Amino acid sequence: MSRHSLAKEATRLQARLEALNDARELAEGVLPDDALGEVLHVLERASSRRSLSADHTVVGFFGATGSGKSTLFNAVNGAEIATAAARRPTTSEPLASVWGVDGSEALLDWLDVRQRHHAAPVTDFADESSGLILLDLPDFDSTRTANRETVQRLVGMVDVLVWVLDPQKYADAAVHNDFLAPLASHAAVTLVVLNQIDRLPEADVPPVLESLKGILARDGLGTVQVMGASALTGAGVDKVRAAIRQVVARKAALSQRLSADVSRASARLLEASGAGEAAGVKGGSKARLAEELAIAANVPLVVDAVGRSYRLESTRSTGWPVTRWLIRFRPDPLRRLNLRRAANPEVNRTSLPPASAPERARTDAAVREFADAASEGAPGPWRASIRNAAREGREQLPDALDQAIAGADLRAGKKSWWWGVFNVVQWLALLTVVGGLGWLGVLAVLGYLQLPVPEVPRVEGWPVPTLMIAGGVVLGILLAVTAKFITAAAARMRAAAARKRLTSAVAEVAGTLVVEPVEVEISRLKSFNSAVKAAAAA
């Protein structure tokens, strides 16, 4: 692979690692800790490996007891380096055979490989310029727990995995289920060697290899290179060397291994999350939420009080002056609710009745219905996260709604322009009545005292004082009746305006405590899906 291609692949890998980390951070608190822990382990391992020598390729030999793994390791090295045994495992800790010592120490320290052998050049395979490290590892089915843990650890750290199987146990479920199948995404950096083919009749070798390929295909490793070899006779060893040399020569094993790790981690995240996007917050759902919360917060009661308060104030200003003073003994509905004052609404509260059990149930149902509609289509963990976000502000809702109602401008102290006109005319009508009564009173007194009574002006035969009294009374009553009709219409308008402002205030509270947290979670899910998709893009 050219230097330009390697740089391009490294840049692409960096972008995928960043996307994977973004997905992990976005999923904090939503997905299980074990899934996030696996991803973090991959990220930390990738960061550590990329900080070490990129000129070296680490190839690990893995196998079960009796597979001839160490014998094959020696055959590939062309020297007796590892101790081999036919029956019992003798590899108790990793052994490294190194071509290109310079720069390998830090890498081997990170791998925690203490046994190191400076290998001699092998013609047509490796020399000091190759930057090759072969590892002979303990048997993965070792009875020693420490050995198995070492194998598990290094399976996730080496650049290239060479699985050494034998004709007797090549179909063993332990190796396929525990190791090969979980690493199906690592086919590009996996080689499989069927060792000890010298124990098979020559005619049986091809069918056994085909059988092994079929099993690997079911494991998801249908593209891996499968070779037959015999460490004892040397058959196929050159092919194993050639396959390893080809991988090392491309200088892409490190990126391919880490890329496969990212793909596997992305798949694990997606498996833990599930696929899908949330339906999102719709305008109708927000309106429905605000409407239900308004009812639960006694907005209809306040709206009714606004209308009645307006009618009361209007009657006090436009009613017949003779009787309007009686209205002053009737309490103002808004004042009773502590809604007619100019104090700071942030520290004041209404006198509305506290939320009863049915109202709390209505609030909970409204929040739940909103969250269900917004989270529809989201995967299970994210659906739960969206619902939890909607419920987090539920305890604050009653107080916040009460404060919103207390702070809403209900125009309680605003007077209508026509009140003044009607008030002046009403007083003029009353003065006319009083004037007429006074005129008639004077005439009556003069008559009682047997004094000359002046002639009273008449209009169409009706005495003017009488007309003044009748006209004033009729006008006052007419104005009062007319004012009632106008007041009723204006009160409905004032109540409708109050309903609109109160609903807007309730919607603002719902937006802060319910809608916005839900939208944040939905946006978080969208970003997570985008990040996982970017990380999984091989």
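Select strand β5 (residues 160-165), helix α6 (residues 173-180) and strand β6 in this predicted model, and you have a β-α-β unit whose crossover is right-handed. Hide the helix for a moment and look at the two strands, where β5 and β6 run parallel and are joined by 5 bridges; one place to check the register is Leu 161, which stands opposite Thr 190 in β6.

Next, keep β6 and add helix α7 (residues 205-218) and strand β7 (residues 225-228), which together make another β-α-β unit, again right-handed. Here β6 pairs with β7 in the parallel sense over 4 bridges, and Val 193 can be found opposite Met 227 in β7.

Now show β6 alone with its side chains, residues 190-194. On one side are Thr 190, Val 192 and Leu 194, on the other Leu 191 and Val 193, and both faces are covered, with each of these residues buried. Because 5 of the 5 residues of the strand fall under 20% relative accessible area, which is to say they are buried, β6 is largely enclosed by the rest of the structure.

Finally, move to the largest pocket, which holds about 450 Å³ of space. To centre the view, select Glu 38, Val 42, Arg 45, Leu 183 and Arg 264, which lie nearest the pocket's centre among the 20 residues that line it. Colouring by element then shows α2 (33-51), α5 (145-155), α6 and α9 (253-273) each giving two or more residues to this lining, with the largest share, 7 residues, coming from α9. Coloured by class instead, the lining divides into 9 charged, 7 nonpolar and 4 polar residues.

Definitions and conventions:
Residues numbered from 1 in each chain as written. Predicted model: local features only at pLDDT ≥ 70, side-chain atom pairs only at ≥ 80, totals over all residues. Heavy atoms only, no water. Buried < 20%, exposed > 50% of the residue type's maximum accessible area, 1.4 Å probe, protein only. Pairing = 2+ DSSP bridges. Right-handed = clockwise from strand over helix to strand, strands pointing away. 1 Å grid on protein atoms, 1.4 Å probe; cavity = no way out; pocket = protein on both sides within 12 Å on 5 of 7 lines; lining within 4 Å. Points joined across faces, edges and corners; volume = space filled by probe spheres on them. Nonpolar A, V, L, I, M, F, W, Y, C, P; charged D, E, K, R; others polar.
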